[in-house]
Amino acid sequence: MPPELIDTHCHLDYPPLSDDIAAVLQRARAQGVRQCVTIGTSLERSRAGVLIAQRFPQVRAAVGVHPNDCAHMDDTTWAALDELAAQPEVVAIGEVGLDQYRKTVELARQQEVFRGFLALARRRALPVLIHCRDAYEPLLKLLRERAATWEGIIHCASGPAEFIQGALALGLHISFAGNVTFPNAKALQALVPLVPDHRLLIETDAPFLAPQPVRGQPNEPAHVAHTAAFLAQLRGVSAAALGACTSANARRLFRLSDRESV
Ligand SMILES: [Zn+2]
Ligand SMILES: [Zn+2]
């Protein structure tokens, strides 16, 4: 029996995953991945994610708009997202945050939208699923201005040690994706020991960022097993222990029940 795993961040509405979600979930299950959270990057994709979660009980959804796509949100978009966030399949607000790597949307606009999503997460009592790339200081500053602690995740962990430490001090969980397995990812691997067991999560970010040894192929939830095995080795624990610990964390944070793992 492979260790039990939960993929806390994938995009099942993206091709090629969306072509045959049942087969994707079956392959995931064979690797021990009992539950997945599919993440919204726009209103339309958030809607698609909720529909997928309605079809498959082992999938839950997060709704949000990616910082690179947040330029054209208006009152109608916010109202629709607010309504979606109330659906029983929705377990988080995301992915939302700040991205200064691509710079497709100006930072001030990203900050304004991110503040709106933080308010939505609070109003709906949901954890916030954060994307942060090359905007580490502005992100921590914004979170600290709003509250002393946050329930949520820094997904696809990256950045300096100070960022991870700052996020942990705010109460956030840290999720590692497939890029942590890359041989040249020494700086990223150095972040792993900073995260205590009870704040550690794993994800694929599928269909992106496939880990070693399937790097370069389309990623899918089954491949979170490679990332889990790599992290277990790095932390000096068994794959079963790492799976049990990260799955318990995901279940607690997203309020998932065992009943949903079919
Ligand atoms: Zn992201
Ligand atoms: Zn993502």
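## A walk from helix pairs to a two-zinc site

Start with α3 and α4: α3 passes α4 in a right-handed crossing. Keep in mind as you click around that this is a predicted model.

To see that crossing, select residues 75-85 for helix α3 and residues 107-124 for helix α4. Their axes come within 11 Å and cross at roughly 30 degrees. An angle under 35 degrees counts as roughly parallel, so α3 is roughly parallel to α4. Now show side chains. On the α3 side, pick Trp78, Leu81, Asp82 and Ala85. Facing them from α4 are Val113, Gly116, Phe117, Leu120, Arg123 and Arg124. Colour this contact by class and you get 6 nonpolar, 1 polar and 3 charged residues.

Keep α3 on screen and add residues 43-55, which is helix α2. Here the axes of α2 and α3 come within 10 Å, crossing at roughly 15 degrees, which means α2 is roughly parallel to α3. Which hand does the crossing of α2 and α3 have, left or right? Turn the view and check: the α2 and α3 crossing is left-handed. For the residues in between, select Leu43, Ser46, Arg47 and Val50 in α2, then Thr77, Ala80, Leu81 and Leu84 in α3. The class count for α2 with α3 is 5 nonpolar, 2 polar and 1 charged. Leu81 is worth a label, as it touches α2 and also belongs to the α3 contact with α4.

Next stop, another helix pair. Select residues 136-146 for helix α5 and 161-169 for α6. The two axes come within 10 Å and cross at roughly 15 degrees, so α5 is roughly parallel to α6. The crossing of α5 and α6 is left-handed. Show Tyr136, Leu139, Leu140 and Arg144 in α5, and you'll find them meeting Glu162, Phe163, Gly166 and Ala167 in α6. By class, that contact has 5 nonpolar, 1 polar and 2 charged residues.

Now hide the helices and go to the metals. Select the zinc ion (ligand 1) and pull up Glu95, His131 and His155. These protein donors use OE of Glu95, ND1 of His131 and NE2 of His155, lying 2.0 to 2.2 Å from the ion. Along the sequence, the donor residues are spaced E-x35-H-x23-H. Trace the backbone between two of them: glutamate 95 sits in strand β4 (residues 90-99), while histidine 155 is in the loop between β6 (152-154) and α6, 60 residues apart.

Where does the other zinc lie? The zinc ion (ligand 2) is 3.6 Å from the zinc ion (ligand 1), and glutamate 95 coordinates both. Centre on the zinc ion (ligand 2) and select its four coordinating residues: His9 and His11, each through NE2, Glu95 through OE and Asp205 through OD. Those distances run 2.1 to 2.3 Å. The angles among the 4 donor atoms span 86 to 176 degrees, and the site is irregular. A tetrahedral label would need all angles between 85 and 135 degrees.

To finish, follow the chain through the site of ligand 2. Its donors have the spacing H-x1-H-x83-E-x109-D. Histidine 9 comes from strand β1 (residues 5-10), and aspartate 205 from the loop between β8 (200-202) and α8 (224-235), with 196 residues separating the pair.

Conventions:
Residues numbered from 1 in each chain as written. Chains lettered and ligands numbered in written order. Predicted model: local features only at pLDDT ≥ 70, side-chain atom pairs only at ≥ 80, totals over all residues. Heavy atoms only, no water. Axes fitted to C-alpha atoms, helices over the stretch in contact; angles between N-to-C directions. Helix = DSSP H or I, 4+ residues; strand = E, 2+ residues; numbered from the N terminus. Parallel < 35°, antiparallel > 145°, perpendicular 65-115°, else oblique. Left-handed = near helix turned anticlockwise from the far one by under 90°. Contact = heavy atoms within 4.5 Å. Nonpolar A, V, L, I, M, F, W, Y, C, P; charged D, E, K, R; others polar. Donors = N, O, S within 2.8 Å, 3.2 Å for Na, K, Ca; no water. Tetrahedral: all angles 85-135°; square planar, octahedral: opposite > 155°, others 65-115°.
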